[in-house]
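Open the model in your viewer and keep a selection box handy. We will stop at a few charged pairs and then step into a pocket.

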Amino acid sequence: MARKRRSLVKRETKLMQEFLDKGEILQEWDLSIKRMKKINNDYKIKTHKGEKILKIAFQEDRVMFMHLALEHLAGQGCFQGIPRLIPTKYGDFYVKSDLGIYYLTDWVGGKQGKRDELDQVLAFARYLGEIHLSAMFFHAVPPWAIRERWDDIAQGMTEKTSWAEENLNHLPPEVQTAWASYEIIAHKAANLLKLAGYPALVEAAKENKTFCHRRFEPGQGIIAKGVTHIRHWEHCAYGVQVGDLVYFMQQVMPYFQWNQQIGEQIITSYHRTKHLSREEVMTLEAALMYPDTFVRFMKKCRLSKFPPDEFSKKFAQAHLEEQEKHRFIEAAFGGIRGKEGKSLPEDDEEA
């Protein structure tokens, strides 16, 4: 399978290079390809002007919003580690063709961020706070390119719960039985989200024009010469910024078995850069409480992703992670809010 995959990637790269050599796309940047390598869905190209990443998109509004958002960050002084789209010789930032939308960024060599290394995780959490401080008051977007995801958290909960309820009869009996308990937790999380003041956060985000990366986690980053870089801004949109921290913790905390001290360190690392309000802390709690891991497991079951001999193992893993997360929430968020109403540990305390 691996050999077949490598052969397919090699063929795709060859066809893409032939297409680019014959076409006029790279001529827009006055570039010629010396060497090309496919990396996931992108192409690393070596040119006489250095190494670049060629990306292909299919939604112009997404590319335009991303470009303007990155320029906004740079204009606010948050440019280190942020990619920039390279203008063509005509001053455009992407090239449209019948087969897609093409744009270039500089290649950054370094090591990919790791979700299981605490020092890196805390550095990325601080970096997320820095980005969020600059990702505000973002107005310069033409109406056709506006991407709004204001209600991501609540909408995501509703859609996942609805999917689970609609597909429950198509799942194994063990899953149906387990969902009875997880459904209660799902509705409890949705109710807590309302009590947390989430609607007010949405309105504040709309007023302050805040935007989010929406896929921010160490695996999307590169560490090069001591500088943290974050890639893959294609999903960025207007939204409630604490949603980025929710996603970040969902991606990294399973590597630490939802350890309380590590979770509190991550939250505090972000908070010391960008203050978390009481409403944001409660929203974070509600979003993490939602049984997202088990719903993902249910979806894989529905798609018959698991061989029969792996079902029991994957079922137990999903249940164990939800248990670990539940213990973390019970232990951590009471301490974070504090008996005296403090939102988080004071800034002069050790994480």
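**A tour of salt bridges and a pocket**

Start by selecting glutamate 280, which is buried, with a relative accessible area of 11% (buried means under 20% relative accessible area, exposed over 50%, and partly exposed in between, with a 1.4 Å probe and protein chains only). Now add lysine 274, also buried at 11%. The two side chains meet in a salt bridge, 4.0 Å from N to O (a salt bridge being a side-chain nitrogen of Lys or Arg within 4 Å of a carboxyl oxygen of Asp or Glu).

Before moving on, a word on what you are viewing: this is a predicted model, in which local features need pLDDT of at least 70 and side-chain atom pairs count only at pLDDT 80 or more, while totals for chains, interfaces and linings use all residues. Residues are numbered from 1 along each chain as its sequence is written, and side-chain values use heavy atoms, with hydrogens and water left out.

Next, select lysine 96 and glutamate 60. Their salt bridge has its closest N and O atoms 3.3 Å apart. Lysine 96 sits in strand 4 (residues 95-97) and glutamate 60 in helix 2 (residues 60-75), so the pair ties together parts that are 36 residues apart in sequence (helices, H or I with at least four residues, and strands, E with at least two, are DSSP runs numbered from the N terminus). Colour by accessibility here: lysine 96 is exposed at 52%, whereas glutamate 60 is partly exposed at 24%.

Then go to lysine 114 and glutamate 117, a salt bridge with 3.5 Å between the closest N and O atoms. Lysine 114 is partly exposed at 42%, and glutamate 117 is partly exposed at 34%.

For a network, select Asp42, Lys55 and Glu234, which salt bridges link together. How many salt bridges does a search of the whole structure find? The search finds 15.

Last stop: the largest pocket, with about 640 Å³ of space. Show Asp152, Ile153, Gly156, Lys160 and Tyr247, the residues nearest its centre among the 24 that line it. Helix 4 (152-167), helix 7 (242-252) and helix 10 (292-302) each give two or more residues to this lining. Which helix gives the most? Helix 4 does, with seven residues.

Key
On a 1 Å grid over the protein atoms alone, a cavity is a set of points where a 1.4 Å probe fits but cannot get out, and a pocket is an open set with protein on both sides within 12 Å along at least five of seven lines; lining residues have an atom within 4 Å of a point. Grid points are joined across faces, edges and corners, and a volume is the space filled by probe spheres set on the points.
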